[in-house]
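Please open the structure in your viewer and keep the sequence panel visible. The following tour proceeds by selection, with a short account of what is found at each stop.

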Amino acid sequence: METARHSEALEARLMAEVAARREALVELARALIAIPTLNPPGRHYRDICEFIAARLEPSGFVCEFIRAEGAPGDSDRWPRWNIVARREGAGPGDCVHFNSHTDVVEVGHGWSVDPFGGEVIDGRLYGRGAADMKGGLAASIVAAEAFLAVCPDFAGAIEISGTADEESGGYGGVAHLAERGYFSPERVQHVIIPEPLNKDRICLGHRGVWWAEIETKGRIAHGSMPFLGDSAIRHMGAVLHEIETWLYPLLETRHTAMPVVPEGARRSTLNINSIHGGEPEPEEGFTGFPAPCVADRCRIVIDRRFLIEESLSEVKHEVLSMLERLARERPGFSFELRDLHEVIPTMTDRDAPVVQGVARAVQTVLGRAPEYVVSPGTYDQKHIDRIGRLKNCIAYGPGILDLAHQPDEWVGVEDMVEAAQVMALALADLLRAERTPR
Ligand SMILES: [Zn+2]
């Protein structure tokens with residue numbers, strides 16, 4: 001009972017420390033939003049890394065700036081800068097790492113507030129990246145600061161990273177760091193990614209991805225005599241017909257045990273991201289007519305999201321066999337199928353220490369058990385899992401996922417505070433701070 005009372009007192013102090021930093025948390029999130037780290041092309045990455053370092057160094061963090069030279073998108077004009085900040089404790093122990101991406105997607109149209117103004121209206125902080133995920137980054141920084149104020153003699157280490165390019169695949173960010181050992185199990189034991197999954201949900205992983213390009217071939221001829229050519233667009237029409245009538249009904253039948261949210265994503269899905277056929281679109285401002293030609297090629301990009309119950313090779317074979325069937329049955333049909341990108345599904349075990357530690361913290365702060373979810377799309381956990389070989393990783397952070405990338409994106413101030421309390425308690429739990437002498 002002595003231990004239980006002791007840890008209850010610690011939890012109460014941590015929650016009070018975070019609550020007392022409410023204004024500081026809002027100011028920090030606003031300052032992060034004000035740095036327009038738009039990706040593409042990847043603006044102000046160095047600026048935001050320096051801002052984070054200036055914030056963390058007074059708390060004893062040692063900051064490393066790592067440029068992902070040679071990564072896709074990296075250039076002297078648009079360098080891919082990342083920061084890894086590490087605060088060593090008083091003795092040996094586990095390391096808890098908070099990883100946030102610093103990039104935001106384009107602003108787009110339809111905003112009623114300044115996207116980089118960080119306005120607070122009715123308890124909501126507005127801005128591009130407010131939810132995805134500068135609110136989460138700010139919450140993790142304030143959680144660490146509050147934890148250090150209460151448990152200055154903790155054992156182990158805390159790391160906070162700000163990484164580039166999550167929105168464009170993470171190759172200039174977490175993948176680059178993982179390849180250089182920053183997520184190796186010897187260095188880091190627990191990873192929390194504060195993506196906007198809601199303050200009461202723990203995200204265990206994501207579905208898999210396969211992007212591919214399908215090209216159909218034809219023969220160019222004059223558009224007034226199409227019978228002299230062979231239309232790649234008509235061949236692609238046959239592909240689309242197969243997708244509609246054979247593949248989609250098949251995918252509808254595949255359900256997963258993964259707790260994917262929203263529920264519509266609890267099965268296999270396929271999107272056709274783009275279609276291009278025939279002559280290129282005229283340049284903007286060109287006022288002439290297009291030329292009459294039979295299309296000699298047509299391409300689509302497919303985005304197949306698959307389940308932990310499916311294998312990537314089966315997923316690919318399904319599409320390949322559909323195209324081969326068309327090649328057998330349809331005169332003149334020929335195709336190319338090119339892989340563009342693939343990610344294997346991942347799901348952290350519910351018994352994993354980081355899941356358990358954050359779950360206990362959610363229970364304490366919010367008075368209810370968390371909901372366990374899986375993301376329909378991927379995020380940087382894929383690199384930590386596949387390259388870093390670190391399984392003890394989740395996404396947990398404030399904000400509503402549906403608001404990400406939308407106009408008038410916002411994060412609730414109260415949600416940020418409560419998520420920061422959960423993170424501070426999770427730090428104490430995972431670093432076993434209740435045993436630290438004071
Ligand atoms: Zn994000």
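Begin by selecting Ala31, in a model that is predicted. Is this residue buried, exposed or partly exposed? Ala31 has 15 other C-beta atoms within 10 Å; a residue counts as exposed at 12 or fewer and as buried at 20 or more, so Ala31 is partly exposed. The residue is found in helix H2. Add Gly264 to the selection and display the C-alpha distance: the two residues are 36 Å apart in space and 233 residues apart in sequence.

**The whole chain**

Next, select the entire protein and show it as a cartoon. Ten helices and 16 strands are present. The C-alpha trace spans about 85 × 45 × 40 Å along its principal axes. How does the radius of gyration compare with that of a compact globule? A compact globule of 438 residues would have a value near 22 Å, and the protein has 25 Å, which agrees. Of the 438 residues, 47% count as buried. Among contacts between residues at least 6 apart in sequence, 81% join residues at least 24 apart.

**Helices H2 and H4**

Return to H2 (residues 22–33) and select helix H4 (residues 130–150) with it. Two packed helices are described by the angle between their axes and the distance between the axes. Here the axes come within 9 Å and cross at roughly 135 degrees, which makes H2 oblique to H4. The crossing is right-handed. To view the contact, show the side chains of Ala24, Leu25, Leu28, Ala29, Leu32 and Ile33 in H2; they meet a set of H4 residues including Ala130, Lys134, Gly135, Leu137 and Ile141. By class, the residues of this contact divide into twelve nonpolar, one polar and one charged.

**Helices H4 and H10**

Keep H4 and add helix H10 (residues 413–430). The axes of H4 and H10 come within 8 Å and cross at roughly 45 degrees, so H4 is oblique to H10. This crossing is right-handed. On the H4 side, the residues to select include Gly135, Ala138, Ala139, Ser140 and Phe147; on the H10 side, they include Met416, Ala419, Met423 and Leu427. The contact of H4 with H10 has 14 nonpolar, two polar and no charged residues.

**Two cis peptide bonds**

Now select Pro40, in the loop between H2 and helix H3 (45–56). Pro41 is found in the loop between H2 and H3 as well. Most residues other than glycine have a negative phi, and most peptide bonds are trans. What is the form of the peptide bond from Asn39 to Pro40? That bond is cis, with omega near -5 degrees. A cis peptide bond also joins Pro40 and Pro41, with omega about 10 degrees. Pro40 is partly exposed, with 13 other C-beta atoms within 10 Å. For a sense of distance, add Arg219: Pro40 and Arg219 are 36 Å apart, C-alpha to C-alpha, and 179 residues apart in sequence.

**Two residues with positive phi**

Select Arg389, in the loop between helix H9 (381–386) and strand S15 (393–395). Although Arg389 is not a glycine, its phi is positive, at about 60 degrees. Arg389 counts as exposed because it has 11 C-beta neighbours inside 10 Å.

Finally, select Arg432, in the segment after H10. Its phi is near 50 degrees, again a positive value in a residue other than glycine. With 14 C-beta neighbours inside 10 Å, Arg432 counts as partly exposed.

How values were computed:
Residues numbered from 1 in each chain as written. Predicted model: local features only at pLDDT ≥ 70, side-chain atom pairs only at ≥ 80, totals over all residues. Helix = DSSP H or I, 4+ residues; strand = E, 2+ residues; numbered from the N terminus. Rg over C-alpha atoms; globule rule 2.2 N^0.38 Å. Contact = placed C-beta atoms within 7 Å. Axes fitted to C-alpha atoms, helices over the stretch in contact; angles between N-to-C directions. Parallel < 35°, antiparallel > 145°, perpendicular 65-115°, else oblique. Left-handed = near helix turned anticlockwise from the far one by under 90°. Nonpolar A, V, L, I, M, F, W, Y, C, P; charged D, E, K, R; others polar.
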